[in-house]
Amino acid sequence: MKRLLASAVAVMLGAAIWGSAAPAVHAAPLEAADVSSSAKWLAHIDFDAARETKIGEHLRSQALKNARVEKSLEKLKDFGFDPEKDLHGVTLYGTDIKLGADATPRSPVLIVYADADTDKIVSFLKTRPDYAESKTDDGTDVYTWKSNMGHDKKETVWAAFPKKGVGVLADSDESLKSALKVIAGKGGLSSSSPLLGDAPKGTFMRLAVVGLTEAKLPIQQPLLAQIDDVHLAIGENEGDDFIKLNVTTTKPEAAKQMKSMIDGFSGMMALQAGEHPEVQQLLKDLKVEAADKNLTVDWKAPADELIKLGEKMHQQSNRGGPEEKKPAESEDK
């Protein structure tokens, strides 16, 4: 379980920001039909869309300055896989939002859309502890192996390549086979599914959870208990990066309370920004609305300005903080 989730997070958060100077050949928006209609949550990254963003290209150029990153990329290329052009999209979803004893979601499914040499991948998997092969009833090859994530407890990972350019991973035989049936065309999300939410043009990352009030969360907080659905979209359109958040609550009072909290936090951050007008402007661009049981948060800013701000903050952190003003020279000198 933890191995699968860790792999998913590494791929989705690390590679999501990966850009390429070359234009995308494919497109990998969310394939709703590949996600089970029973899904309660999902996360999706469209890497092809991310590559075309200014932020993605900037982060890519910065990452390539790191020798360890270059070395890791070369290792992947040995498997016939170049993430700069071959990784198109990743979807992670689960049909249960309850948490297990290890405080992680149960039975997630990871779908990877990529051009990869599956023969080389299988050859590598055969070197893993307790590797085994089997077949589903329709003849799809299934691969399993043990992974310990650096500790003594080993966990089994189940994987299959149901069609060209698609890989599926799960933490149980049942979860994998259910996912394969969905990808084969049985029981995927419909276009009207509440899990899909709103994804504006340019979205390359989206997260969604429905039915949160049914979840058994490790943190018991009254306001959290009144949040039912959450939809988040992140992207870039016409040179502006944007974040769009929609939250559905069980009571109008909860939406208003959340708006007050966000407004208060934003105001506090604006005060702390002090002599940084660019940061204050970014906070002014944050729009928060509460209507009935719904909370919406909309924010956008020019990608070029965000890149400049990021570089400025990076330089300041390397110097140990903002530049200090030099004291005025005494008139006695």
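Here are some worked exercises on the predicted model shown above.

**Exercise 1. The whole chain**

Task: Describe the chain through its secondary structure, its buried share, its contacts and its surface.

Solution: Start with the secondary structure, where you should find ten helices and twelve strands. Next, turn to burial: the chain has 333 residues, and 37% of them are buried. Then look at contacts with a separation of 6 or more; 62% of these join residues 24 or more positions apart. Finish with the surface, of which about 19300 Å² is exposed, with 54% supplied by carbon and sulfur atoms.

**Exercise 2. Two helices side by side**

Task: How are the axes of helix H3 and helix H10 placed, and which residues make the contact?

Solution: Two numbers are needed here, since a packed helix pair is described by the angle and the distance between the two axes. Helix H3 covers residues 54-63 and helix H10 covers residues 303-318. Their axes come within 9 Å and cross at roughly 30°. Angles under 35 degrees count as roughly parallel, and H3 and H10 are therefore roughly parallel to each other. On the H3 side, the contact is made by Lys 54, Ile 55 and His 58. H10 contributes Ala 303, Asp 304, Leu 306, Ile 307 and Glu 311.

**Exercise 3. A salt bridge between the helices**

Task: Which residue forms a salt bridge with Asp 304, and what parts of the chain does the pair link?

Solution: The partner is Lys 54, with the closest N and O atoms 3.2 Å apart. Asp 304 sits in helix H10 and Lys 54 in helix H3, so distant parts of the chain, 250 residues apart, are linked. For accessibility, Asp 304 has a relative accessible area of 38% and is partly exposed. Lys 54 is partly exposed as well, at 38%.

**Exercise 4. Further salt bridges**

Task: Where do the salt bridges of Asp 173 with Lys 177 and of Asp 298 with Lys 244 lie?

Solution: Take Asp 173 and Lys 177, whose side chains meet at 3.2 Å, N to O. Both residues lie in helix H7 (residues 173-183), four residues apart, which is about one turn of the helix. Asp 173 is partly exposed at 28%, and Lys 177 is partly exposed at 33%.

Now go to Asp 298 and Lys 244, also bridged at 3.2 Å, N to O. Asp 298 is in strand E12 (residues 294-302) and Lys 244 is in strand E10 (residues 240-249), so this pair ties together parts 54 residues apart in sequence. To judge burial, apply the cut-off of under 20% relative accessible area. Lys 244, at 17%, is buried, whereas Asp 298, at 28%, is partly exposed.

To complete the picture, add the network of salt bridges that links Glu 57, Arg 60 and Glu 84. The count for salt bridges comes to eight.

**Exercise 5. A loop residue and a surface patch**

Task: Is Asp 82 buried or exposed, and which residues make the nonpolar surface patch of about 280 Å²?

Solution: Locate Asp 82 in the loop between helix H4 (67-77) and helix H5 (83-86). Its relative accessibility is 15%, so Asp 82 counts as buried. Leaving aside residues up to four places away in sequence, Asp 82 touches Lys 77 and Leu 87.

For the patch, select Phe 265, Met 268 and Met 269. Met 268 belongs to helix H8 (residues 252-273) and is partly exposed, with a relative accessible area of 40%.

Key
Residues are numbered from 1 along each chain as its sequence is written. This is a predicted model: local features need pLDDT of at least 70, side-chain atom pairs count only at pLDDT 80 or more; totals for chains, interfaces and linings use all residues. Side-chain values use heavy atoms; hydrogens and water are left out. Patches are made of residues with over 30% relative accessible area and no salt bridge: like charges are joined within 9 Å, nonpolar side chains (Val, Leu, Ile, Met, Phe, Trp, Tyr) within 5 Å. Accessible areas come from the Shrake-Rupley method with a 1.4 Å probe; for residues, only the protein chains shown count as cover. A salt bridge is a side-chain nitrogen of Lys or Arg within 4 Å of a carboxyl oxygen of Asp or Glu. Buried means under 20% relative accessible area, exposed over 50%, partly exposed in between (1.4 Å probe, protein chains only). Contact means heavy atoms within 4.5 Å. Axes are lines fitted to C-alpha atoms, for helices over the stretch in contact, and angles run from 0 to 180 degrees between N-to-C directions. Angles under 35 degrees count as roughly parallel, over 145 as roughly antiparallel, 65 to 115 as roughly perpendicular and the rest as oblique.
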